Amino acid sequence: MAFRDIKPASKFHFLMIPKKHIPNVKSLTTADKPMCKFKIVIKKTSSNHFLVVLEMKNHLLELLEKNGQTSDISLGFHIPPFNSVKHLHLHGISPKAEMGFIAKLIFKENTFYYKTFDTVFNSLPEPINES
């Protein structure tokens with residue numbers, strides 16, 4: 001589900017949340033990282049949290065693109081305890097250049113309190129294949 005942020009950091013600021021409850025980005029584990037690439041969505045494993053997050057990223061990018069935003073985009077997560085909502089949500093913000101001073105601090109990429117989607121995804125080790 002996607003909706004506009006109630007306190008937008010820029011002209012376009014959307015949040016994407018999964019239907020399934022995932023408390024926060026730290027709840028994602030090695031087992032949650034699917035063997036798939038960006039833009040490939042495999043809906044076979046319903047318990048795979050990171051598959052849900054990949055879908056969230058794709059939907060946010062599509063939503064921003066529909067609004068004419070194809071560059072200068074921030075996609076990221078706040079890291080606990082710096083998240084105010086106890087449900088995993090991905091921020092999609094564009095254009096970054098139009099963010100105010102405070103917003104630039106709050107959504108400063110790859111700090112200890114806000115990480116980009118790619119940083120979070122790449123920080124999870126590949127799952128161990130038990131076959």
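A residue counts as buried when its relative accessible area is under 20%, and Tyr113, at 17%, is therefore buried in this predicted model. Its ring pairs with that of Phe112, a residue that is exposed, with a relative accessible area of 59%.

**Aromatic pairs**

The structure holds six aromatic pairs, and two of them are set out below by the distance of their ring centres and the angle of their planes.

| Pair | Centres apart | Planes at | Arrangement |
|---|---|---|---|
| Phe77 and Phe117 | 6.3 Å | 35° | tilted |
| Phe112 and Tyr113 | 5.1 Å | 85° | edge-to-face |

The pair of Phe77 and Phe117 links distant parts of the chain, since Phe77 lies in strand 3 (residues 74-78) and Phe117 in helix 3 (residues 117-123), 40 residues apart. Phe77 is buried, with a relative accessible area of 1%, and Phe117 is buried as well, at 2%. Ring pairs also bring in Phe121, which joins Phe77 and Phe117 in a cluster.

**Nonpolar cores**

In soluble globular proteins, nonpolar side chains tend to be buried together. Here the largest nonpolar core has 19 residues, and Leu75, Phe77, Leu90 and Phe117 are those with the most contacts inside it. Strand 2 (12-16), helix 1 (49-66), strand 3 and helix 3 each give two or more residues to this core, with helix 1 giving the most, six residues. Leaving aside its neighbours within four places in sequence, Leu75 is in contact with residues including Leu60, Leu61, Leu64, Leu90 and Phe117. A second, separate core of seven residues includes Ala9, Met99, Ala103 and Phe107.

Methods:
Residues numbered from 1 in each chain as written. Predicted model: local features only at pLDDT ≥ 70, side-chain atom pairs only at ≥ 80, totals over all residues. Heavy atoms only, no water. Phe/Tyr/Trp six-rings, centres within 6.5 Å; stacked < 30°, edge-to-face > 60°. Helix = DSSP H or I, 4+ residues; strand = E, 2+ residues; numbered from the N terminus. Buried < 20%, exposed > 50% of the residue type's maximum accessible area, 1.4 Å probe, protein only. Core = buried A, V, L, I, M, F, W, Y, C linked by side-chain atoms within 4.5 Å. Contact = heavy atoms within 4.5 Å.
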